[in-house]
Amino acid sequence: PDTMSSFALRSTAIRGYLTRTLRRPGAVVGPRPVLASAVRPAAVAAGSGDKKKLVFLGTPEVAASALEAILDAAEAPDSAFEVHAVVSQPGRPRGRGRSKSGPPPPSPVAEAAMRRGIPEDMVLCPVKANEPDFLQRLRDMEPDLMVTAAYGNFLPQKFLDIPRLGTLNIHPSLLPQFRGAAPVQRCLERGDAVTGVSVAYTVLKMDAGPVLRRVEHELNGDEKHDELLPELFATGAKALVDVLPSVWDGTESFDTATPQAEYGDACEAPKTSPEEARMDFIGQNARTLHNKVRGFAGWPGTKAKFEVRKDGSDEGTVVEVKIITTKVVSDSEAGKEAKAANGAVELTKNSMRVPCGGGDWLEVLELQPPGKKAMKAGDYANGMKGSTLTVVSYGDDE
């Protein structure tokens, strides 16, 4: 044909990027440029012996860590499987000011796969998982099992029909709780005392397949989303590796897995949005706001508005700051009743205490003022000497 398919063009772009970035001292120069020290044949011995073929799908950094753990298991001398191929979303520009004129870098999963010796023609990056060329490539591989971890693309039935033993997903919640795109964020936002990770079969309905493993993780009330998520994926990768021998020998399967209904009712975890980042000190209590800060850490973050007024001035300036770290304090700890503060923020040596609608206080420990780097709230408070801060509702000035 005179033209290449979009899938083939993206594969060529990835090979070009990796050729440019990996062709340096210590790299293997040739059609598959990979760091020589990173090549690990035991993990990717395509077509070797009777090893089962596992295809991994994932995109972000947490999924790359899961892939690393699976590759480590595949390298064991007695391993029954190989990582035959890796699938990821196409790369996107990263960081501020990055030029969009050239091809973007591969995703963290694609980079990890190449670094660990997956042949570049076995790192597939379709825009959507229903592309005919992509599906045919998978059929030709005849995989035994697919494994997904934060892949981020809808998987059609034509995809799910391909692997002989089905598709397993590492999902960072105790299914059927928090099905959807933001399970950890919504769990922390709700203030749950226990979360966990599930290894479940993928079906057409999102995160609704039967469960092979559930591992609980107790929470202390201060964990943040961007810290907890990698920990849960690490736990999930270990649980997946532990169950693989039973999947290979048939003692555990889709038919023997536990239907989610046996664990209780399902709840959804919809994707978070920037509009949800606004903090309502007037209408919500300190615990609710603290859980929001924890759950939205990293993305979309949380922000609040305050009026800054210099002593003796009749007019103030409204500023919006990002709230990064908080804790809940009682009236006795704060030294006065929150309701009596009338929205006035208490500035202390180490923090700033904000009165909340529930009659309690939220202590801000870390924040980021506009145009500045993140800092301790005490440092920000020291810079406010001679000024007062008052809570501003988002509806007051819009």
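Here are some worked exercises on the structure above.

This is a predicted model in which local features need pLDDT of at least 70, side-chain atom pairs count only at pLDDT 80 or more, and totals for chains, interfaces and linings use all residues. Residues are numbered from 1 along each chain as its sequence is written, and side-chain values use heavy atoms, with hydrogens and water left out.

**Exercise 1. Take stock of the chain**

Task: How many helices and strands does the chain have, and what share of its residues is buried?

Solution:
- Start with the secondary structure, which comes to 10 helices and 14 strands. Helices (H or I, at least four residues) and strands (E, at least two) are DSSP runs, numbered from the N terminus.
- Next comes burial: 49% of the 398 residues are buried. Buried means under 20% relative accessible area, exposed means over 50%, and partly exposed lies in between, with a 1.4 Å probe and protein chains only.
- Then look at the contacts (heavy atoms within 4.5 Å). Among those between residues at least 6 apart in sequence, 68% join residues at least 24 apart.

**Exercise 2. Find the nonpolar cores**

Task: Which residues have the most contacts inside the largest nonpolar core, and which helix gives the most to this core?

Solution:
- A nonpolar core is a set of buried Ala, Val, Leu, Ile, Met, Phe, Trp, Tyr and Cys residues joined through side-chain atoms within 4.5 Å.
- The largest such core has 67 residues, and those with the most contacts inside it are Leu54, Phe56, Leu67, Phe81, Val83, Leu138 and Phe159.
- Helix α7 (residues 225-248) gives the most to this core, contributing 11 residues.
- Now pick out Phe159: leaving aside residues up to four places away in sequence, Phe159 touches Leu57, Phe134, Leu135, Leu138, Met146 and Thr167.
- Finally, turn to a second, separate core of 23 residues, with Val319, Val321, Met352 and Ala377 among them.

**Exercise 3. Trace the sheet**

Task: What is the strand order in the open sheet of 7 strands, and which strands are at the edges?

Solution:
- Strands of a sheet pair through backbone hydrogen bonds, either parallel or antiparallel. Here, two strands pair if DSSP finds at least two bridges between them.
- Read across the sheet, the order is β3-β2-β1-β4-β5-β6-β7, and the pairing is mixed.
- The edges are β3 (123-124) and β7 (211-218), each pairing on one side only.
- Zoom in on β3: this strand and β2 (residues 81-87) pair in the parallel sense over 2 bridges. Val86 has Val123 in β3 as its bridge partner.

**Exercise 4. Follow the salt bridges of Glu363**

Task: Which side chains meet Glu363 in salt bridges, and where do the partners lie?

Solution:
- Side chains of opposite charge can pair when their charged atoms come close. The rule used here asks for a side-chain nitrogen of Lys or Arg within 4 Å of a carboxyl oxygen of Asp or Glu, and the count comes to 15 salt bridges.
- One partner is Lys327, at 3.9 Å from N to O. Because Glu363 lies in strand β12 (residues 361-368) and Lys327 in strand β9 (residues 317-329), this pair ties together parts that are 36 residues apart in sequence.
- Another partner is Arg353, at 3.7 Å from N to O. Arg353 is in strand β11 (residues 352-355), 10 residues apart from Glu363.
- Check burial as well: Glu363 counts as buried because its relative accessibility is 7%, and Arg353 is buried too. Lys327, at 35%, counts as partly exposed.

**Exercise 5. Explain the backbone exceptions**

Task: Where are the cis peptide bonds, and which residues other than glycine have a positive phi?

Solution:
- Keep the background in mind: most residues other than glycine have a negative phi, and most peptide bonds are trans.
- The bond from Leu175 to Pro176 is cis, with omega near 15°. Pro176 sits in the loop between β5 (167-171) and α6.
- Trp299 and Pro300 are also joined by a cis peptide bond, with omega about -5°. Pro300 is in the loop between α8 (286-295) and β8 (302-310).
- Glu142 has a positive phi of about 55° and lies in the loop between α4 (132-141) and β4 (145-149). Its relative accessibility is 59%, so Glu142 counts as exposed.
- Phe178 has a positive phi near 60° and is found in the loop between β5 and α6. With a relative accessible area of 5%, Phe178 is buried.
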